[in-house]
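Visitor: Could you pick one part of this model and take a close look at it with me? I'd like to know what packs around it and how it fits with the rest.

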Amino acid sequence: MISDQEWADAQCLWEFQQMGHEVRPCSVAIGLGSHDLGVADTTADLYHRGMAPLIVFTGATSPTTRDRMPRGEAEHYRERAVELGVPAEAILVEPRARNTGENIRFSRSLLEEQGVPVSSVLLVSKPYEERRAYATACKLWPEVEWVSASAPMSLTEYIDSIQDARLVIDMLVGSLQRLMLYPAQDFMVAQDVPSDVRHAYERLVSQGFTSRLVCGAPVSGQASSTGARFDPSRPVSE
């Protein structure tokens, strides 16, 4: 059972992860690979709305997507977008990335190889990954303007789509930990985390929502005093 306090804390983390950007036309849309085909759906919708003339889908596979997406996350996203009416020639596939940092770096390299001029990017992720993906992108490709986007869903709607409330809360907790931890490791730009969000995170950790925390990292999200660098794992839903 999820208590009322745990629901409230999860809602606090969910709302914090939303960047609240107003979607506008950009040079390209980058859809970040994961288990969630909804990212492909959202990216295709943005294309049809005229928000980007070109899409890059990026992602290899992970242990949890290998069976469902044997040809790779980016390729399955491409197939889904084509089913939704996006012309195949409007999609580039980046099939090697295995974490968010590689998603950004490899997509940038692919666009440069293709000679695509980029001044702004629609960054399409899962709803609870918006802020973390944005912070990573700003660190690794600061020359462009980033606009975050995801499926317009409430926490309840997302949990209904996943059918596992505890897993979703675990993912929210893991994502928030990385947001606090990774700036010190130079994986992303720092984001101010308000005290109410930190307290919600700490309460959820104390209640055992820990399955998606970075292994060996400080639970508080503070950098290790040893100076050890943590390997940036795949997005926490993976």
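**A helix end and the core beside it**

Guide: Aspartate 196 counts as partly exposed, with a relative accessibility of 44%; that label covers anything between buried, under 20% relative accessible area, and exposed, over 50%, using a 1.4 Å probe and protein chains only. Keep in mind that this is a predicted model, where local features need pLDDT of at least 70 and side-chain atom pairs count only at pLDDT 80 or more, while totals for chains, interfaces and linings use all residues. Numbering starts from 1 along each chain as its sequence is written, and side-chain values use heavy atoms, with hydrogens and water left out.

Aspartate 196 belongs to helix 8; helices here are DSSP runs of H or I with at least four residues, strands are E runs of at least two, and both are numbered from the N terminus. Aspartate 196 and leucine 13 are 183 residues apart in sequence, yet 9.3 Å separates their C-alpha atoms.

Leucine 13 takes us inside. With Leu172, Val173, Leu176 and Tyr201, Leu13 touches the most other members of the largest nonpolar core, which has 33 residues. (A core like this is a set of buried Ala, Val, Leu, Ile, Met, Phe, Trp, Tyr and Cys residues joined through side-chain atoms within 4.5 Å.) Two or more residues each come from helix 1 (4-17), helix 6 (155-162), helix 7 (165-181) and helix 8 (195-206). Helix 7 supplies the largest share, 10 residues. Leucine 172 is a good spot to zoom in on: beyond its neighbours within four places in sequence, leucine 172 is in contact (heavy atoms within 4.5 Å) with Ala10, Leu13, Trp14, Tyr128 and Leu155.

Apart from this core lies another one, of 21 residues, with Ala29, Ala40, Met69 and Tyr77 among them. Ala40 leads to helix 2 (residues 38-48), where Val39, Ala40, Thr42, Thr43, Ala44 and Leu46 are buried. Their cover includes strand 1 (28-32), strand 2 (55-58), helix 3 (73-83), strand 4 (120-124) and strand 5 (145-149). After helix 2 comes glycine 50, with a positive phi near 80°.

From helix 3, arginine 80 touches Leu37, Ala40 and Asp41, if you skip residues up to four places away in sequence. Arginine 80 is partly exposed, at 28% relative accessibility. To get back to helix 8's side of things, note that arginine 80 and arginine 198 are 37 Å apart, C-alpha to C-alpha, across 118 residues of sequence.

Helix 2 also gives the most to the lining of the largest pocket, three residues. Thirteen is too many to list, but of the 13 lining residues, Val23, Thr42, Ala149, Ser150 and Pro152 lie nearest the pocket's centre. A pocket is an open set of points on a 1 Å grid over the protein atoms alone where a 1.4 Å probe fits, with protein on both sides within 12 Å along at least five of seven lines; lining residues have an atom within 4 Å of a point.

One last check, on cysteines: the whole structure has zero disulfides, meaning no pair of cysteine sulfur atoms within 2.5 Å. The sulfur of cysteine 26 is 12 Å from its closest cysteine sulfur, in cysteine 138, so that pair is too far apart for a bond. Cysteine 26 is buried at 8% relative accessible area, and cysteine 138 is buried at 19%.
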